[in-house]
Amino acid sequence: MTRVSQVNAPPRTGLFSPISLRRWGNFKANRRGYWSFWIFAVLFGLSLCAELIANDRPIIASYKGEILFPVAVDYPEEKFGGFLAQTDYRSDFIQNEIDAHGWTIWPPIRYSYQTANAYIPHSAPTPPVWLLSRQDRCAGYPQGVNDPECRPANFNWLGTDDQARDVAARIIYGFRISVLFGLILTALSALVGVTAGAVQGYFGGWTDLLMQRFIEIWSSMPVLYILLIIAAVLPPGFGVLLGIMLLFSWVGFVGIVRAEFLRARNFEYVNAARALGVGNVTIMFRHLLPNAMVATLTFLPFILSGSITTLTSLDFLGFGMPPGSPSLGELISQGKTNIEAPWLGLTAFFVLSIMLSLLIFVGEATRDAFDPRKTFR
Amino acid sequence: MSDVTEPLLSIRDLSVAFHQGGKTTLAVDSVSFDIQRGEVLALVGESGSGKSVTANSILKLLPYPAASHPGGSILFKGQDLMRATDADLRRVRGNDITMIFQEPMTSLNPLHTIEKQIAEILALHGEVSVKTARARVLELLNQVGIREPEKRLAAYPHELSGGQRQRVMIAMALANRPELLIADEPTTALDVTVQAQILKLLKDLQVQHGMSMLFITHDLGIVRKFADRVCVMTGGKIVESGPVVEIFDNPRHAYTRHLLTSEPKGTPPARDAAKPVVLEATDVKVWFPIKAGFMRRVVDYVKAVDGIDMRLRAGHTLGVVGESGSGKTTLGLALTRLIASKGRIAFVGKDIQDYRFARMKPLRARMQVVFQDPFGSLSPRMPIADIIAEGLAIHESGLSATERDRRVAQALEEVGLDPATRWRFPHEFSGGQRQRVAIARAMVLKPKFVMLDEPTSALDMSVQAQVVDLLRDLQRRHDLAYLFISHDLKVVRALANDMIVMRLGKVMEQGPADEIFDAPQHAYTQALMAAAFNLEAVTSSVIRE
């Protein structure tokens, strides 16, 4: 008897339950999805550090013995002997001033998404640097080929758009904003949708009936027109767009979650929990939600890519993010207007198609991973 | 025709292996047996013994290529079915050899009428034309004892009762006058009275047609009553075989002896009128409204439980017996206030019928439930320590983590499980162990009253006996009151002091259990006893088809 109370610690089986490990194994077995997942994760991770990769200000600078972090802190130009409220680190004057009294570490791409390149060889948009001869590349600089600023750090690797902004910088920021938008929208709609589906499925009866009818009416609204109308009234922005799209996108989750809860609410272990006196909310969270989460998780990557596509199309139509923000949809629309600059459209096309394909591959692998019948050799 | 003594089916060294996730498990290991013409061979064993897999491999119905046969031969009238082509197999299936399965609802296509399904079998193999098909279908339905078959031709499976569905399955199996009928637990899903009828029918038809039959079952009572010879299977091997009488009278293998002695035994603890009343109910009713029309007016009620009185003292067991649909589970749920009901329910002197969730909550600790299916009643995503501790977290939230863990370990030890296993997940336990976990979950709260809803029905016979012993032991130690719901009269006899026999929501007979068992008064109770203990079909108006 005494021996019993000694066995207190659970065995160290690792962080994850056997089921999760099996699923992870299944996920890995789908090589395409597995690699897509890592490529996407790395790309997204990099884009989260966009400020350190593409920016019009140095990451670290040393000026007169003082270490400065221009990437994080706005220093007024007075500090360097200028007069603007914000320092333009790309200007010759400031660069020379800092170089004379210290040093700078720049990001690999010296443009932010809004930085216009003042030294483009001809009127914007200009083609990617590798399509130009050395003469053409440096044609816009005061000293031509001999100008010290005509160097790889200042090249527009993917060309510039019609406002002379660096396309490479814009897609890095654009990718980040698209994925973030998609992730936040998916997470919020999953939250709302799962809650609504859970309540309907668990309580059933009148609750279910009324909410089902409401959802039928709600989802029969012409979403795109409502988006256009609201976008015309409210100032467009990240939050407003997110809110509007959230109004309609949560409906997609309700069906599957409701079905899972309807099925599982009469499971014997749910009844057993009721007999123990467990409250409704606890039952829903502890016993029913895990069942519904399988279906929900399988759904997520597809909702995510759908959200990204919607944002892109709104941007393309001009009802999306405010002007100036880095956005893939805006890049496509530029590609459409500037048909003589195919790098705009092609870049946007490749970024979008690679991003969405990766997400779909990840989604497929997730679906396989949660499929209990799927076996891999 | 050359040799009369040549067996109809001869299985030699049959093995079946399953491959999954890189692992190979041998489900059947070098099994050999013969079936003579006109003979009934029973294959008996507990779940997982490989008896169904053996039967399914005769017609090659296993999920190939996940399943494979490392060796052996299946000779049917000289033809090796193991090496037969698909076309050859199709000629044998449903024609020379037919099968009936456990669950008649899922074996029949819900979208086709009875006539169409039986006629399909005839058309697939037969020379029967569409015109003569109907006559043959009627003949078959007559043979299997479906009353007024003309009216039943256009019926869909859901319109028939379980017994009738199994009769239709038998009609389909007989359609092409097979030489061998494989019956895989054909009566397990049926009520006892219906089971007795179906067994009688099968026996009659077997004699009449001179068929051979391979009868797969876990029920030794059926084997004794029904079979000529028996093969006892365990762990994929046949450990003993021979004539039924010989094996039952003189079992040689230890496992056979174990099976034969594993029926639930013992008697309930003595009655004691001095013990306090734990649960008392008067005129309990659960009526489900039937609504019709545009305004959804209530036109009638399904009277699932209709006016039941009961009284249960501490340390006593009230057995509730009835066939499926008799309302016994509904009664149990109503008494534990898990579904709405009418009538007075008093638990330890408190009138709890009008208690809402919050007032009911403290009482929940004293009134516990154990369900039938040990696979369904434990959440597959929680280790059993968490499952058992769930109630403690609610009712004794003041406990420290160590203290709670100690209580869980204690509860596990009490039900005979090693507390060191409490970090495992339910799927790592066998059915009997899982039922013990479910009992531990109830016991950890130190209840006064436990509602046991068919706690032994999903378990193997020998495990049933252990669980019955465990329940009786717990009752004695903690002076528990049990409401024991079961269709299995043998288990009820081993546990119950008092008994309610229910049918269609009403009490047929109520009183001390031993009196009812010794001298059942009501015709229905008598029929139930005859079917349960002697597998005798009673033709009486009180029994459903």
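Two strands pair if DSSP finds at least two bridges between them. Keep that rule in hand as you look through the views below, which all come from a predicted model.

**View 1. Strands S20 and S21 of chain B form a hairpin**. Strand S20 (residues 498-503) and strand S21 (residues 506-512) of chain B are joined by 6 bridges and run antiparallel. To see one bridge, find B:Met499 in S20(B), whose partner in S21(B) is B:Gly511. Now follow the chain around the turn: the hairpin has 2 residues between the strands, and B:Leu504 takes a positive phi near 50°.

**View 2. Strand S20 of chain B is largely enclosed by the rest of the structure**. Is S20(B) buried or exposed? Here 6 of the 6 residues of this strand are buried, so the rest of the structure largely encloses it. In a regular strand the side chains alternate between the two faces of the sheet. You can trace that here: B:Asp498, B:Ile500 and B:Met502 point one way, while B:Met499, B:Val501 and B:Arg503 point the other way. S20(B) also pairs with strand S14 (residues 317-321) of chain B, this time in the parallel sense, over 4 bridges. Within that pairing, B:Val320 has B:Ile500 as its bridge partner.

**View 3. Six strands of chain B line up in an open sheet**. Reading across the sheet, the order is S7-S8-S9-S3-S10-S11, and the pairing is mixed. Why is one side of S7 and of S11 left without a neighbour? Strand S7 (97-100) and strand S11 (237-243) stand at the edges, each with a single partner strand, so each has one side without a neighbour in the sheet. On average, neighbouring strands of this sheet are turned by 15° against each other, direction ignored. Look also at strand S3 (residues 40-44) and strand S10 (residues 229-234) of chain B, which run parallel and are joined by 4 bridges. A good pair to find there is B:Val44, which stands opposite B:Val232.

**View 4. Helix H1 of chain B is buried from end to end**. This helix covers residues 51-58, and 8 of its 8 residues are buried, so the rest of the structure largely encloses it. Among them are B:Lys51, B:Val53, B:Asn56 and B:Ile58. Following the helix comes B:Lys60, whose phi is positive, near 55°.

**View 5. Two helices of chain A pack against each other**. Helix H7 (residues 167-203) and helix H8 (residues 205-219) of chain A meet at an angle of about 140°, with their axes 6 Å apart. That angle makes H7(A) oblique to H8(A), and H7(A) passes H8(A) in a left-handed crossing. Which residues of H7(A) meet H8(A)? They are A:Ala196, A:Val199, A:Gln200 and A:Phe203, which meet A:Gly205, A:Thr207, A:Asp208, A:Met211 and A:Gln212 in H8(A). By class, this contact has 4 nonpolar, 4 polar and 1 charged residues.

**View 6. Chain B meets chain A**. Here 29 residues of chain B are in contact with 21 residues of chain A. On the chain B side, the elements giving two or more residues are helix H13 (357-364), strand S17 (367-370), helix H14 (384-395) and helix H15 (401-414). H15(B) gives the most, with 5 residues. The residues on this side of chain B divide into 11 nonpolar, 10 polar and 8 charged.

Methods. Residues numbered from 1 in each chain as written. Chains lettered and ligands numbered in written order. Predicted model: local features only at pLDDT ≥ 70, side-chain atom pairs only at ≥ 80, totals over all residues. Contact = placed C-beta atoms within 7 Å. Nonpolar A, V, L, I, M, F, W, Y, C, P; charged D, E, K, R; others polar. Axes fitted to C-alpha atoms, helices over the stretch in contact; angles between N-to-C directions. Buried ≥ 20, exposed ≤ 12 C-beta atoms within 10 Å, placed from the backbone. Parallel < 35°, antiparallel > 145°, perpendicular 65-115°, else oblique. Left-handed = near helix turned anticlockwise from the far one by under 90°.
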